[in-house]
Amino acid sequence: MILHTTICGEGLPLLLLHSGGMTGETEYDEQSVYFSQRNYKIIRPDLRGHGQSGRLSGDYFDYCAEDIIETLDYLEIKSCHVAGVSLGGLTALIFANQFPERVRSLTFTGIFPEKKQNREDQLKEEEENLTSLSNDPETVSYLNTIHVNNDWRALFKSWTAPNWYPFHETSNVASLACPTLCIAGDGLSDEIEAAITFRKLNSSIQLAIIPFANHLVHREQPSLYTETLNLFLQEVDNSQKRQSR
């Protein structure tokens, strides 16, 4: 599926993948402005089941990497930096594993490499949170507005299925070939633990812990997130330039 995509700037392609329930246009605004002014072409797709892209069908993770590759092929982009948060982070990691030749670097936030023993409790809490959002008139109006072509309630429901989370993919980082950065907020101990576990699984993964932030670091501390990502991308780009000489 070719995804509905928002594009700005010119230069090296930087693919930014939004969190679950959001769209390409509703997330990464600060980062889009910053990097589009620094010689990057910003690509923000609506992931499958979100915004103006096609509806959710079957298991999202069976299609997410193919959606990205079809979209990049349509845009004639051979390789790009990829950054994603939460659902977008899962998509970014799966894409990097399946199509390593298309990824200049990988940055992910808010994802987990292993199933915790309290997974059932986590799913119950998630279901309660999503139910609360679904019953809030202001939230319902907003979601109806941004997901013009999709059933966001079905999307929410899919996230509460017992085995929906792709731990078989997130634990598969040992062979990642591209430069990789894992960012976590310091307000959630389980996400810090997850970042450390990623590093244990692959010692080349770089870690960044952002203060005064929780799950959505790019929103809660946009300047710190952006500066951290910029430092990482500059190091990767400079290193690749040196290698090509």
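These legends accompany an overview and several close-up views of a predicted model.

**View 1. The whole protein chain, with ten helices and seven strands.**
The protein chain holds 245 residues, and its radius of gyration is 17 Å. A compact globule with 245 residues would have a value near 18 Å, so the two agree. The C-alpha trace spans about 55 × 35 × 30 Å along its principal axes. Buried residues account for 50% of the protein chain. Contacts between residues at least 6 apart in sequence often reach far: 76% of them join residues at least 24 apart.

**View 2. The surface and charges of the protein chain.**
The protein chain exposes about 11,800 Å². Carbon and sulfur atoms supply 48% of that area. There are 20 positive and 33 negative side chains. The centres of these two sets lie 6 Å apart.

**View 3. Helix 3, residues 87-98.**
Helix 3 has twelve residues. At 1.5 Å a residue, helix 3 should span 16 Å; its end C-alpha atoms lie 17 Å apart, which agrees. Eleven of the twelve residues are buried, so helix 3 is largely enclosed by the rest of the structure. The buried residues are L87, G88, G89, L90, T91, A92, L93, I94, F95, A96 and N97. Their cover includes strand 2, strand 4 (80-85) and strand 5. Helix 2 (60-74) and helix 7 (167-170) are also among the elements that cover them.

**View 4. V103 in strand 5, residues 103-109.**
V103 counts as buried because its relative accessibility is 8%, under the 20% cut-off. Leaving out residues up to four places away in sequence, V103 touches C80, V82, F95, A96 and C178. Of these, F95 and A96 are among the buried residues of helix 3. A177 is 74 residues from V103 in sequence. In space, the C-alpha atoms of V103 and A177 are 9.1 Å apart.

**View 5. Q31 in helix 1, residues 29-36.**
Q31 has 0% relative accessibility, so it counts as buried. Not counting residues up to four places away in sequence, Q31 touches L16, H218, P222, Y225 and T226. P222, Y225 and T226 are also among the buried residues of helix 10.

**View 6. Helix 10, residues 222-244.**
Helix 10 has 23 residues. At 1.5 Å a residue, helix 10 should span 33 Å; its end C-alpha atoms are 32 Å apart, which agrees. Its buried residues are P222, Y225, T226, T228, L229, N230, F232, L233, V236 and D237. An α-helix has 3.6 residues a turn, so residues three or four places apart point the same way. Buried residues of helix 10 including Y225, L229, F232 and V236 can be followed along the helix in this view.

**View 7. Y28 and N39, two loop residues with positive phi.**
Y28 sits in the loop between strand 2 (12-17) and helix 1. Its phi is near 65 degrees, a positive value in a residue other than glycine. N39 lies in the loop between helix 1 and strand 3 (40-45). N39 is not a glycine either, yet has a positive phi of about 65 degrees. Burial sets the two residues apart. Y28 counts as buried because its relative accessibility is 2%. N39 is exposed, with a relative accessible area of 61%.

Technical notes:
Residues numbered from 1 in each chain as written. Predicted model: local features only at pLDDT ≥ 70, side-chain atom pairs only at ≥ 80, totals over all residues. Heavy atoms only, no water. Helix = DSSP H or I, 4+ residues; strand = E, 2+ residues; numbered from the N terminus. Rg over C-alpha atoms; globule rule 2.2 N^0.38 Å. Buried < 20%, exposed > 50% of the residue type's maximum accessible area, 1.4 Å probe, protein only. Contact = heavy atoms within 4.5 Å. Areas by Shrake-Rupley, 256 points an atom, 1.4 Å probe, with all protein chains shown as cover. Lys, Arg positive; Asp, Glu negative; His and termini not counted. Charge placed at Lys NZ, Arg CZ, Asp CG, Glu CD. Expected span 1.5 Å × (residues − 1).
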